[in-house]
Amino acid sequence: MMAEPGLQARKKVAVVVGAGSVKCAAAIGLAQVLARENVPIDLLVGTSGGAMFAAAIAQGLPSAEAAALVARLWTRDLTSVRDRSAVLRALMPRLLGFNENFGLRSDRLVLRNLEQAFGDSRLEDTPTRLLITATDFHTGAQKVFAEGRLADVVRASIAIPFIFRPWPVEGRTYIDGFMSDPLPVGPAVAEGADIIIAMGFDTPLQDTVRSPTRFAFQLSAIMNNNLQQAQLRYHQSVHQGELIAVQPVFRERIRLFDTLKIPAIIEEGARATEAVMPQLRRLLAAGPPLLAVA
């Protein structure tokens with residue numbers, strides 16, 4: 001295999017949006033800065049809350065529309081309805097029967113909002129290539145979705161343990177993508193991205209734990225933060241030449257459903273991206289890869 005003289009291809013840029021609930025709106029600010037700087041996005045990878053924003057960006061929605069779509073999708077009342085039958089099954093498993101189809105909150109509103117947001121749109125049809133990750137409930141392995149109904153795949157990726165029940169897709173059962181990797185850089189590496197811009201988020205710990213829901217969130221936050229730090233250190237050591245980590249820093253606490261703060265979150269995403277633009281420009285200026293031909 002040799003490369004024809006003068007025949008080159010520009011570097012392939014991937015954006016990875018990690019788990020972080022409404023804080024993932026910072027990815028819209030990231031996309032704004034890249035568009036302003038004429039840096040095209042060739043691949044988007046999202047997980048958990050990041051799956052919703054990656055999907056909105058991949059569909060080519062303007063920033064304002066993408067923000068409005070997710071604000072309608074990720075509303076405070078999503079976890080307001082308790083699944084009383086699930087609680088009873090947990091308390092009396094032998095009498096009432098208990099299985100993996102368990103979540104403390106009803107997912108009726110989640111399903112309705114996902115259907116309204118994405119309808120029958122499919123992952124493989126988005127204008128920008130999109131991958132969404134979830135976690136196989138039975139094996140614990142990361143699942144990388146490259147096709148399927150967006151509503152189903154996103155639902156699987158946001159199946160927060162204890163809160164929403166696991167979600168079936170094509171005969172397998174999946175839970176939240178952050179359980180296997182809260183910042184899924186690996187799929188972007190596997191896709192051959194030359195430059196990977198990875199936006200990750202720390203999950204705040206609970207001030208007080210006075211309910212099973214807060215207890216579950218506390219466990220998730222501890223695991224998410226530790227796993228993300230470990231995975232990021234690994235990828236930085238192996239792919240340091242092409243990996244740019246973007247970590248938005250918020251001056252005030254951003255809670256799970258603080259959708260009213262989305263404009264400020266987007267601004268912080270843009271600011272954090274502008275801070276790494278010198279590094280990105282250097283990588284882009286280093287020269288595109290040769291396009292191999294037979």
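Colleague: In which kind of crossing, left-handed or right-handed, does H1 pass H10?

Modeller: H1 passes H10 in a right-handed crossing. This is a predicted model.

Colleague: What makes H1 oblique to H10?

Modeller: The axes of H1 and H10 cross at roughly 45 degrees and come within 7 Å. Angles under 35 degrees count as roughly parallel and 65 to 115 as roughly perpendicular. The crossing falls in neither range, and that makes H1 oblique to H10.

Colleague: Which residues of H1 and H10 meet?

Modeller: On the H1 side they are Ala26, Ile28, Gly29, Leu30, Gln32, Val33, Leu34 and Arg36. Their partners in H10 are Ile265, Ile266, Gly269, Ala270, Thr273, Glu274, Met277 and Leu280.

Colleague: How do you know that the span of H10 agrees with its number of residues?

Modeller: H10 covers residues 262-285, which is 24 residues. At 1.5 Å a residue the helix should span 34 Å, and its end C-alpha atoms are 33 Å apart, so the two values agree.

Colleague: Where does H10 bend, and which proline follows?

Modeller: The bend is at Val276 and amounts to about 45 degrees. Pro278 follows within four residues.

Colleague: Which residues of H10 are buried, and what do they pack against?

Modeller: Among the buried residues of H10 are Ile262, Glu268, Ala272, Val276 and Leu283. The buried residues pack against two helices, H1 (26-36) and H3 (63-73), and against strands E8 (195-199) and E9 (243-246).

Colleague: What makes H6 and H7 oblique to each other?

Modeller: Helix H6 (residues 108-118) and helix H7 (residues 150-157) pack at an angle of about 140 degrees, with their axes 9 Å apart. Roughly antiparallel requires over 145, and roughly perpendicular runs from 65 to 115. The H6 and H7 angle meets neither condition, and the two helices are therefore oblique to each other. The contact is made by Val110, Leu111, Leu114, Glu115 and Phe118 of H6 with Leu150, Ala151, Val154 and Arg155 of H7. H6 passes H7 in a right-handed crossing.

Colleague: Why is Ser48 called buried?

Modeller: The relative accessible area of Ser48 is 8%. Buried means under 20%, so Ser48 is counted as buried. Ser48 sits in the loop between strand E3 (43-47) and helix H2 (49-58). Leaving aside residues up to four places away in sequence, Ser48 touches Ala19, Ser157, Ile158, Asp176 and Phe178.

Colleague: What is phi of Ser48?

Modeller: Phi of Ser48 is near 55 degrees, a positive value in a residue other than glycine. Most residues other than glycine have a negative phi. Ser21 also has a positive phi, near 50 degrees.

Colleague: Why does Ser21 count as buried?

Modeller: Ser21 has 15% relative accessibility, which is under the 20% cut-off, so Ser21 counts as buried. Ser21 is in the loop between strand E2 (13-17) and H1.

Colleague: How do you know that Gly177 is buried?

Modeller: The relative accessible area of Gly177 is 0%, and the cut-off is under 20%, so Gly177 is buried. Gly177 lies in the loop between strand E7 (172-175) and helix H8 (186-190). Not counting residues up to four places away in sequence, Gly177 touches Thr47, Thr133, Ala134, Thr135 and Ser157.

Colleague: What separates the C-alpha atoms of Gly177 and Ala272?

Modeller: They are separated by 24 Å, with the two residues 95 residues apart along the chain.

Conventions
Residues numbered from 1 in each chain as written. Predicted model: local features only at pLDDT ≥ 70, side-chain atom pairs only at ≥ 80, totals over all residues. Heavy atoms only, no water. Expected span 1.5 Å × (residues − 1). Bend = angle between axes of the 7 residues up to and from the residue. Buried < 20%, exposed > 50% of the residue type's maximum accessible area, 1.4 Å probe, protein only. Contact = heavy atoms within 4.5 Å. Axes fitted to C-alpha atoms, helices over the stretch in contact; angles between N-to-C directions. Left-handed = near helix turned anticlockwise from the far one by under 90°.
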